[in-house]
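Look at the structure shown here and follow the explanation step by step. The topics are a DNA strand and a pair of helices.

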2 protein chains.
Amino acid sequence: MTGPGWDAIRAEVLRRIRARDWRPGEAIPTEAALAAEFGCARATVHRALRDLAEAGVVERRRKAGTRVALQPVRRATLEIPVIRAEVEARGQRHGFRLIEDRDLLPPLPVASRLGVGADRPLRRMFTLHLADGRPFLHEDRWLNPAVLPRPAPDFAAVSVNEWLVTHVPFSAGEMSFAAEGANVREARALGVDLGAPLLVTERVTRTETQAVTLVRLAYAPGHRLQMRL
Amino acid sequence: MTGPGWDAIRAEVLRRIRARDWRPGEAIPTEAALAAEFGCARATVHRALRDLAEAGVVERRRKAGTRVALQPVRRATLEIPVIRAEVEARGQRHGFRLIEDRDLLPPLPVASRLGVGADRPLRRMFTLHLADGRPFLHEDRWLNPAVLPRPAPDFAAVSVNEWLVTHVPFSAGEMSFAAEGANVREARALGVDLGAPLLVTERVTRTETQAVTLVRLAYAPGHRLQMRL
DNA sequence: GAGTGGTCTAGACCACCAA
DNA sequence: TGGTGGTCTAGACCACTCC
């Protein structure tokens, strides 16, 4: 006496939305009604509708009910591995060089984006990542030294990127992409012309209590970032 | 007689992982054991752990149990609105111009990426999207005419992008980003120099039964794509 | 095989919020 | 204030997969 699975219900609801039985903006039946129709528990319907809500297909509010999204917002997810893993996943050998590493007072824009005072020095680091010995990615980082243990790790042996990912707790943050012309450091490190189009990503990460790092990653020309829709 | 909520359990498990009570690669207790410890139903623990698995913090396999992820893969999600909505969200007025629209036999790479025969013409369309009258994005599209109704919509009145999102059922697909130098069409349409760094995204979308479209979007210089971590 | 996560049930109570 | 989704329970069976 067990009804259809939640994925079957998800599929059927999706079918009706695509078939325009339920049109964008319209309310669809309540969980209780659908459970009765499909002959299953309300929890099963709930599981299916929650999944569709996460996918952006429907919008749900208590009391207001469930509506077909007016503009089905597509969400794409990007998996961000450790850079070493990213290189090795391409079947190449990863290496890196710590180009520069010093303490520096952050300029105001950097301090404010990290939410730290501009009167305390941060660790400023430049790293070049290599794939089979060829330039892969240039990393320009401001690191809050407060997140480091004492004594601090040897970032010539383990890349900052990898150390942070494996040792600093799950944190919140933002990330953005843009295309920019290579700056002087990037051009020299990656071996490209000044102003060559590079895919650049900027990330800010924080723990609950403090800023961790602000980093600008510039990929070597031709790099494509793959996402799942 | 109701125990802690699933989010409280999620938080506690996360705390123990961050505190290295449970180290990367190690198995954590079973759902049943955690339910007993926390004094709640197994379903509640399940809800919490499923959430952590989706976030990439733990890995779960039947029989093998739940392990702390060795390399916590970060997932960033990108929301992809209709281009009109994207412009309007910036407080600007959206407009567009259909630059060119004709039927053309696809070159082999295009046909194979879409999974259609190279012997049937596709719709080739170039559209320029405007924000407050200024170039915002150049759209270079191959469209499978089989997805269109008869008579076909008037793409001079509604942008292809918007029509597809609101009329073609939820579909699977891939997406990628890169930085590329502006090509001749893009340079002319966006009003930039040939070879200027542009953020370019390519999408292929399919329904369950057929290919829909392959599109290359080139954003005007300076555009940043924001993601949530 | 047997242990683990994945799912379903029938019921209950709660939180939210539009009417 | 009542209707809706969100959650929790105690139990059951199933599916996968490691041993």
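A polar contact is a pair of N or O atoms within 3.5 Å. With that cut-off in mind, DNA strand D can be read as follows, remembering that this is a predicted model. A polar backbone atom of W6(B) lies 2.6 Å from a phosphate oxygen of DNA strand D. For A41(B), a polar backbone atom is 2.7 Å from a phosphate oxygen of the strand. In T66(A), an N or O atom of the side chain is 3.4 Å from a phosphate oxygen of DNA strand D.

The elements that give two or more residues to the surface near this strand are α3 (42–54), β2 (58–61) and β3 (65–68) of chain A, together with α3 (42–54) of chain B. Of these, α3(B) gives the most, with four residues. In total, 25 residues surround DNA strand D, and the closest are R42(A), R60(A), G5(B), W6(B) and T44(B). By class, the surface has eleven charged, eight polar and six nonpolar residues. On the DNA side, 70% of the atoms of strand D within 4 Å of the protein belong to sugar or phosphate, and the rest belong to bases.

Helix α3(B) also packs against another helix of its chain. Its partner is α2 of chain B, residues 31–38; the axes are 8 Å apart and the angle is about 115°. This angle makes α2(B) roughly perpendicular to α3(B). The crossing is right-handed. From α2(B), the contact is made by E31(B), A32(B), L34(B) and A35(B), and from α3(B) by R42(B), V45(B), H46(B) and L49(B). Five residues of this contact are nonpolar, one is polar and two are charged.

Methods. Residues numbered from 1 in each chain as written. Chains lettered and ligands numbered in written order. Predicted model: local features only at pLDDT ≥ 70, side-chain atom pairs only at ≥ 80, totals over all residues. Heavy atoms only, no water. Near = heavy atom within 4 Å. Polar contact = N/O pair within 3.5 Å; in protein donor to acceptor, adjacent residues only side chain to side chain. Nonpolar A, V, L, I, M, F, W, Y, C, P; charged D, E, K, R; others polar. Axes fitted to C-alpha atoms, helices over the stretch in contact; angles between N-to-C directions. Parallel < 35°, antiparallel > 145°, perpendicular 65-115°, else oblique. Left-handed = near helix turned anticlockwise from the far one by under 90°. Contact = heavy atoms within 4.5 Å.
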